[in-house]
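This briefing covers a single protein chain, shown below. It goes through burial, overall make-up, aromatic contacts, the nonpolar core and a few helices.

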Amino acid sequence: LSAAQLHAMALSHSNFRSALGCGEVSGGETQQAELVKLLLCAVSIDSDRIRVEEKTLSALFSVYSAGTKAVDQSIRRLLFCYEHKGCLANELCLSDLRWGSARRSSYNSDDLDEGWAWIVESLEINRVKATLSHFPVWDAYEPRFESSVEVLRLTKPSAHSDSGSESTDYSAQEVEETPGQSSELVADHSWRGTGDDVRYSPGFVLPLLLAALEADSFDLHEKTSDIDEGENNDGDVTMDDVKTDETSEHRRNYVTLCRKVFDKGGVAFALASLSSRCPTLRKIAVSICGLFLWALQTKEANELKSWRERPQLAMLMSSVQRGLAVRRALQVQRVERDDCGIDLGGTDAYHHKIPLIPAVSAVFLARATRILSQPNDAMFSQLNRYFLRLSEFHGAFQDFFGLPTILSLYCSSADELSRSR
């Protein structure tokens, strides 16, 4: 039997869907993990003769939890190979990317939302908190190959790839690889927290969050006309007035979407992703933060009286934006001073490189967004005062490589025991 025939036999088996969702252990691994690895091995050997229908994708996404567990990484890699190697019978649609319970609940639904709102509703705040507690800095935009399963032909990285990053990016570009050869690239990424590993995969979730925010932002930055308050000399309503009203309503809807993303932990997730070793994920994270900051600074957000924490969030996000710009400027200055031979202003990967932030600082900023949005939090006053006191470079956050607020949080001059920290 060829690999393609073996793949087709597995997909056509009557118990394929039940085996894919089976968590019984067989020889140290679950049947689900063994089946996924079998499919992954087959597609890596003979992808030219493999075709995958929509029902197979539905079965895979229904058991995929967008997480960092080993089986989730294998499923994500398998889905990536299907698309990357041209094995899909049809192109992926927006609704095809639903995962887990959201995918299963859509089986019998005839009225699927073809927009991106479902990604915001699918986020679970408890899983975001678990991700922040032990952030997977090793996760990448392209899922890493599994050398113990796949037979890959990897080529050298292209000129536009993310070369020169702080650490190795596990690119899915194909190179000549033998089993066990990539073992030195794979570190121990096992879950060290309590309970099950329910963390989200930044490489899968972040691009979807950015797509949800970008989908409705294409015309929001257009400057609307406010001359004569939208009326002509005769007092009649003009097309400019109609356009202004439509744009204002669109912006209000966009602000509401950004607020939902924040409430679901999406902005905190993006800030924590600034510590990712993958330069592409850091670019995506900065894009999400930039769109959220723009929404915070709009007139529509300012008029939203129920969003009382907006000024504090705008202060924090502006501080992070300026801090990244200052950090980047210092990198350019150091390279020019030391004459390292790196063209930071050229067309190579360094031109749009986002600084890598230590996980301690990135997670601090992520958690600060949650604290500053809750005035009754015990740490609200201290964090709010910390960001208000930032004065250099118009309030830029620069404590990326230290322990932010450690003096103010752990040292107290209060005379009364009840007020000391």
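A residue counts as buried under 20% relative accessible area, as exposed over 50%, and as partly exposed in between, with a 1.4 Å probe and protein chains only. At 5% relative accessibility, Trp-99 is therefore buried. The model is predicted: local features need pLDDT of at least 70, side-chain atom pairs count only at pLDDT 80 or more, and totals for chains, interfaces and linings use all residues. Residues are numbered from 1 along each chain as its sequence is written, and side-chain values use heavy atoms, with hydrogens and water left out.

**Overall make-up**

- The chain contains 17 helices and 2 strands; these are DSSP runs numbered from the N terminus, helices being H or I with at least four residues and strands E with at least two.
- Of its 421 residues, 46% count as buried.
- The exposed area of the chain is about 22400 Å², of which carbon and sulfur atoms supply 50%; accessible areas come from the Shrake-Rupley method with a 1.4 Å probe, and for residues only the protein chains shown count as cover.
- Among contacts (heavy atoms within 4.5 Å) with a separation of 6 or more, 73% join residues 24 or more positions apart.

**Aromatic pairs**

- Rings of Phe, Tyr and Trp (its six-membered ring) pair if their centres lie within 6.5 Å; planes under 30 degrees apart count as stacked, over 60 as edge-to-face and the rest as tilted.
- The structure holds 17 aromatic pairs.
- One of them joins Trp-99 and Phe-204, whose ring centres are 5.7 Å apart and whose planes stand at 75°, so this pair is edge-to-face.
- Trp-99 is in the loop between helix H5 (70-84) and helix H6 (100-104), while Phe-204 is in helix H9 (residues 202-215), so the pair ties together parts 105 residues apart in sequence.
- Phe-204 counts as buried because its relative accessibility is 13%.
- Phe-364 and Phe-397 make a stacked pair, with 6.1 Å from centre to centre and 20° between the planes.
- This stacked pair links distant parts of the chain, 33 residues apart: Phe-364 is in helix H15 (residues 359-372), and Phe-397 is in the loop between helix H16 (380-388) and helix H17 (406-410).
- Both partners are buried, Phe-364 at 15% relative accessibility and Phe-397 at 0%.
- One aromatic cluster is formed by Phe-61, Tyr-64, Trp-99, Trp-118, Phe-135, Tyr-200, Phe-204 and Phe-269.

**Charges over rings**

- A charge sits over a ring if NZ of Lys or CZ of Arg is within 6 Å of the ring centre and within 35 degrees of the ring normal.
- Arg-127 lies over the face of Tyr-200, at 4.0 Å from the ring centre.
- Arg-370 has its charged end over the ring of Phe-262, 5.4 Å from the centre.

**Nonpolar core**

- A nonpolar core is a set of buried Ala, Val, Leu, Ile, Met, Phe, Trp, Tyr and Cys residues joined through side-chain atoms within 4.5 Å.
- The largest such core has 98 residues, and Tyr-82, Trp-99, Leu-271 and Phe-387 have the most contacts inside it.
- Helix H12 (residues 279-296) supplies the largest share of this core, 11 residues.
- Leaving aside neighbours within four places in sequence, Phe-387 contacts Met-315, Leu-316, Ser-319, Phe-364, Leu-365, Ala-368, Leu-372 and Phe-397.

**Helices H3 and H5**

- The expected span of a helix is 1.5 Å times one less than its number of residues.
- Helix H3 (residues 31-45) has 15 residues and should span 21 Å, which agrees with the 21 Å between its end C-alpha atoms.
- The buried residues of H3 pack against helix H1 (3-12), helix H2 (16-20), strand S2 (29-30), helix H4 (54-63) and H5.
- H5 also has 15 residues and an expected span of 21 Å, and its end C-alpha atoms are 21 Å apart, in agreement.
- H5 is mostly covered, with 11 of its 15 residues buried; among them are Asp-72, Arg-76 and Arg-77.
- The buried residues of H5 pack against H1, H3, H4 and H9.
- Gly-86 follows H5 and has a positive phi, near 70°.

**Two single residues**

- Ile-125 lies in helix H8 (residues 125-133) and is partly exposed, with a relative accessible area of 31%.
- Not counting residues up to four places away in sequence, Ile-125 touches Asp-263, Lys-264, Gly-265 and Arg-370.
- Ile-125 and Asp-263 are 138 residues apart in sequence but 8.2 Å apart in space, C-alpha to C-alpha.
- Thr-56 is in helix H4 and is buried, with a relative accessible area of 6%.
- Thr-56 touches Leu-11 and Phe-16, not counting residues up to four places away in sequence.
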